[in-house]
Amino acid sequence: MYQFKEAKKKLIDNVIEYNHLNEEQIQQLMDNNIELTKCPNHRLDRIVQRIYQAKDNQEKVFIAGDYDCDGIMAVTILKYTLDALGIENGYYIPNRFQDGYGLKGETVSKVASKGYSLIITVDNGISAFEALEVAKQLHIDVIVTDHHIQSQPIDCYEVLHPDYLEQQFQGLCGAGLALLVSRCFLEEEYLVVLAMIATIGDVMPVWYENRKLIKYGLHILNTSNYATIKALVLPKSEYDEFDIAYQIVPKVNAVGRLEDSNPNNLVKYFLLKDDRSILNVASQIIQINNKRKELSQQMVIKGLQDIKEDAIHILYDTSFHQGICGLAAGNIASKTNRPTLVFSQENTILKGSGRSIKGFHLYDYLSQYKELFQSFGGHGQAVGLSLSLNHLKILKSNIEKDKIIFKQMVEDVYLIKHITVDDFKQLCHFRPFGEGFVLPQWAFEVKHVPYTMLKGMYPKWKLQEDVNAICFKKLNILDSTTYIIGTIQLNRYFNKESLQIIVQDIM
Ligand SMILES: [Mn+2]
């Protein structure tokens, strides 16, 4: 359901209203300083001293990471830094399928037997209670750097968590924290680029330090020539946050999602210097991502065939891939506007992920049935869980009994009567957009605008001399269609600039 609002002339005013920004956030929009903020902090000091001690004593340092984009970048940042300091180091990113998430006691024992005396976790560790206990018994110091929710205090050498930092740093992701540590030793622009990609990949709020990190990271990327990054994205004169989110992040994440690929290789990749090896590995990463796309598409198609009129869709199949359940669930949830759980099935055990829709707290809702689950975690919009087939039956009947009523969500759209290329460019000055600062959809009247068919397939409206709208979605355009609703893109064709509206819906 849409609520139409007359767009104000300055597009940014609509975006401010849409996101309910406060004075402080509006202030940040005006601030063009992209210099990263210094972070004086006693915990950080202790970590730095411990790392210098490791260098002086010629200790071996182990980095424990995570298999998503954030975790991979965080490991790379720290490894680069320890290498530069001349500290002997090793790292391990667990396998999603064999090891599961987070640092395990078993890994700590193995690491100890190989002569490591200091472990630094990145993007995980805040709930690695068992592993920390093992480390303690083996007299191994552990420094935990993590941004996940802390359920109870942990016992280790030192913890770096956004909760313990000033507001400026509270949105940092795992790689953002790793960069904070790294910058105590060296200032390497490439590492800022990696942290920028992770910040976008982990969908962190684009305020405070993250805003600087993304702006500065993109600026560096656009004024340099990092082959490892450019090999993963189509050539373009200037990359923005959406190129990172849609082209780079999915490729990095794909490697941890499939059983036959190893995210540890990505750390090596991002540290490669030689162009030939870079192109070679990049093409493998792209292939893995293509396979991931194919598999998730198959799962979505199968899932959509299986859905019924349930309040929460629950889909599982032996052909479903565990690492892709979340992606498929998100896709089906947005297509059907219902919370969706997708599981891979092995014998009688289901492992999978759920994705919610706006206005429904999936984690809170499922929490009441948590005794049915073997594992359960997540937040309002996304959960991960596993359970037996028998318990699934109980869950299903519980959901049926609950007769969930979803709130009808009202989406504000802004009706634009006239727009210029400059209007849109002025809006783009306030980039980056992202979590907490999203672009609304814009509406345009097409009642008296005839459309033509582009390539015989896609309806296209000429709204103004330099503004076109195009519809790639399957929507039924009727005589009564009055408005198109969509997003705005800036097009450059040779030296001519124009705006293109990508239609998402019609009214
Ligand atoms: Mn993370």
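Asp123 is a good place to start: this residue is buried, with a relative accessible area of 0%. It is also one of the protein donors of the manganese ion. Please keep in mind as you look around that this is a predicted model. From the metal site, the tour below moves on to the domains, the nonpolar cores, a set of paired strands and one loop lysine.

**The manganese site**
- Four protein atoms serve as donors: Asp70 (OD), Asp123 (OD), His147 (NE2) and Asp202 (OD), at 2.1 to 2.3 Å from the manganese ion.
- Along the sequence, the spacing of these donor residues reads D-x52-D-x23-H-x54-D.
- Asp123 and Asp202 link distant parts of the chain, being 79 residues apart.
- Asp123 sits in the loop between strand 4 (116-122) and helix 6 (129-137), while Asp202 sits in the loop between helix 8 (189-201) and helix 9 (208-222).

**Domains**
- The protein chain divides into domain 1 (2-30 + 410-506), domain 2 (42-275) and domain 3 (307-402).
- Between the C-alpha centres of domain 1 and domain 3 there are 34 Å.

**Nonpolar cores**
- The largest nonpolar core has 124 residues, and those touching the most other members are Ile197, Ile229, Phe270 and Phe437.
- Helix 8 supplies the largest share of this core, with 10 residues.
- A second, separate core holds 23 residues, including Phe343, Leu366, Leu395 and Phe406.
- Such groupings fit a general pattern: in soluble globular proteins, nonpolar side chains tend to be buried together.
- Leaving aside neighbours within four places in sequence, Phe437 is in contact with Ile12, Val15, Asn19, Leu21, Leu29, Val206, Trp207, Phe430 and Pro432.

**Strands 8, 9 and 11**
- Strand 8 (residues 340-346) pairs with strand 9 (residues 349-355) in the antiparallel sense, over seven bridges.
- These two strands form a hairpin with two residues between them, and Asn347 in the turn has a positive phi of about 55 degrees.
- Phe343, included in the second core, has Gly352 of strand 9 as its bridge partner.
- Strand 9 also pairs with strand 11 (residues 382-388), again antiparallel and over seven bridges.
- Here Leu350 has Leu387 in strand 11 as its bridge partner.

**Lys447**
- You will find Lys447 in the loop between strand 13 (441-445) and strand 14 (451-454).
- Lys447 is partly exposed, at a relative accessible area of 38%.
- Not counting residues up to four places away in sequence, Lys447 touches Asp479, Ser480, Thr481 and Thr482.
- The C-alpha atoms of Lys447 and Ile154 are separated by 62 Å, and the two residues are 293 residues apart along the chain.

Technical notes: Residues numbered from 1 in each chain as written. Predicted model: local features only at pLDDT ≥ 70, side-chain atom pairs only at ≥ 80, totals over all residues. Heavy atoms only, no water. Helix = DSSP H or I, 4+ residues; strand = E, 2+ residues; numbered from the N terminus. Buried < 20%, exposed > 50% of the residue type's maximum accessible area, 1.4 Å probe, protein only. Contact = heavy atoms within 4.5 Å. Donors = N, O, S within 2.8 Å, 3.2 Å for Na, K, Ca; no water. Pairing = 2+ DSSP bridges. Domains from an automatic or database assignment. Core = buried A, V, L, I, M, F, W, Y, C linked by side-chain atoms within 4.5 Å.
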